[in-house]
Amino acid sequence: GCRIGGSPKVKKWVVGGTSNGTPSLKDAEMDRNNRRVKYLTGANKTFKAYGMNDEKKKKNKKKNTVQGAIRTVILALALIGLLALCVTYALTGSTRESVGRVSRIGATLSQNVSPFGDSVIFYDGTTLHCVAATGGNEWSYQIGTNADYDANEKRIVAWSGNDLYILNRNGRLIYNNKMSDTVQFASVGDEYVAVFVGDADNGVVSVINGSGQIVDNITVSDQTLLDIGFFMASTTSNAQPIELMWVLGLNTTGTVISTELQTFQPGKLSTGKSSIGEHIAYSIYDENGTLNVVTTRQILHYSYRALEASSPTLIYGYTVEDVKQNGSVLYQLLVPAQEQNEGISIANVRLMYGSVDRVIHLPSACIAARLGTKSVYGFSPNAVYVCSFGETTFRAYALPINVTAVLGMMNDNRAVVASGSEIYVIELPT
């Protein structure tokens, strides 16, 4: 699948084994078919006037008592049903409101689909396609079979065998080269592209600048390379933030496998190296020049020199699902850790930004949660729940399709989702 690259996106990889709808309502119904009204004849009125037909009067009185009790029970059931309806709407919000435009695009779930700014890209087995949010084709570029790619909002790097391609936002080729060995993977930044060629534990990381020049060849040995990424930070020699690179790997030389973090300034020497120990890191993203390294228990914070910048943030029981940079504020969305054999069922989300660390409960179980430009979104199969930043309750909106997976967010509050094998773009409320 596509590796999600570029700061401040979450980058995820797997080391080992780990990382549904609106409650139904039963309408209370009142059965009025058995209600009958009997009128007295003139003779009966006469009998009644003289105190006659007392037995019949007693029977009617008993009958009226039973009918009154039945009516009371029916009314009570109706009130209970109405109360249940009100409580449910109070908890979940009415889903009578619907989302905006929903567009099906010409891709399937197996075609490595990914958001690409305000567009969507996918690979059909030979060709990379870019389509608009409404499904219209914007451009296509043939890159061969068994290919993969990484992208940010500015560029795409794709590879197939030894062949490497770098495309700009409009699908124009800006670099193509046949590398010295098989490309294992590549990562795209704003100014540089890093390419790892060779074997997983014995290869070379080549760093290519925007002019197509290789500015670094970093040898990888005695470790299994896990991932590469880029981040912006100020250094002792650069007051303005510049693009730096991090490399994450598993050191396999000792008796205990340990995770190692290295940082580099492209075109110059390594800027730092640190051992994370036995912690399994599954995500790295930067926060205003600080690298956040996410493990199963905590978020570790490192400077550009790979030195601990502050105390770790404990997140035991949660995993980082999404991050979003909004101006100078980084929003981090966490969800409860999921057991693989139990499927995905998200009951609450944890939102962290600045000094805020808040748990927000979802109205019903969701299959995914994401961040928009102004809101948190929770996705169930037939509804999307929206909570604006700074608020603590969700609003509910009905979905016209059955959502089975959420592939990501575009930069204009549209979500790329799957319904079975079909791919849709949904315009979301804010």
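The following questions and answers introduce the features of this predicted model.

Residues are numbered from 1 along each chain as its sequence is written, and side-chain values use heavy atoms, with hydrogens and water left out. Because the model is predicted, local features need pLDDT of at least 70 and side-chain atom pairs count only at pLDDT 80 or more, while totals for chains, interfaces and linings use all residues.

Me: How many helices and strands does the chain have?
Reply: Helices (H or I, at least four residues) and strands (E, at least two) are DSSP runs, numbered from the N terminus. By that rule, the chain has two helices and 34 strands.

Me: What percentage of the residues in the chain is buried?
Reply: Buried means under 20% relative accessible area, exposed over 50%, and partly exposed in between (1.4 Å probe, protein chains only). The chain has 430 residues, and the buried share of them is 47%.

Me: Which strand supplies the largest share of the largest nonpolar core?
Reply: A nonpolar core is a set of buried Ala, Val, Leu, Ile, Met, Phe, Trp, Tyr and Cys residues joined through side-chain atoms within 4.5 Å. The largest one has 27 residues, and V157, L164, V195, V205, L225, I228 and M245 touch the most other members. Strands that each supply at least two residues include β9 (155-160), β10 (163-168) and β17 (242-251). The largest share, five residues, comes from β13.

Me: How many residues does the second, separate core have?
Reply: In soluble globular proteins, nonpolar side chains tend to be buried together. Here the second core is separate and includes Y331, I346, L351 and I360. Its size is 19 residues.

Me: Is A347 buried or partly exposed?
Reply: A347 has its place in strand β26 (residues 346-353). Leaving aside residues up to four places away in sequence, A347 touches H361 and L362, where contact means heavy atoms within 4.5 Å. With a relative accessible area of 44%, A347 is partly exposed.

Me: How are the rings of Y331 and Y353 arranged, stacked or tilted?
Reply: Rings of Phe, Tyr and Trp (its six-membered ring) pair if their centres lie within 6.5 Å; planes under 30 degrees apart count as stacked, over 60 as edge-to-face and the rest as tilted. Y331 lies in strand β25 (residues 329-336) and Y353 in strand β26, so the pair ties together parts that are 22 residues apart in sequence. The ring centres of Y331 and Y353 are 4.6 Å apart and the planes stand at 40°, so the pair is tilted.

Me: Which residue forms one aromatic cluster with Y331 and Y353?
Reply: The rings of Y331 and F389 have their centres 4.0 Å apart and their planes at 10°, so this pair is stacked. Y331 in strand β25 is 58 residues from F389, which lies in the loop between β30 (383-388) and β31 (395-398). Y331 counts as buried at 10% relative accessibility, and F389 is buried at 17%. The residue that joins Y331 and Y353 in one cluster is F389.

Me: Over which ring does the charged end of R169 sit?
Reply: A charge sits over a ring if NZ of Lys or CZ of Arg is within 6 Å of the ring centre and within 35 degrees of the ring normal. The charged end of R169 is 4.3 Å from the centre of the ring of F116.

Me: How many disulfides does the structure hold?
Reply: A disulfide is a pair of cysteine sulfur atoms within 2.5 Å. C130 is buried, with a relative accessible area of 0%, and C387 is likewise buried at 0%. The number of disulfides in the structure is zero.
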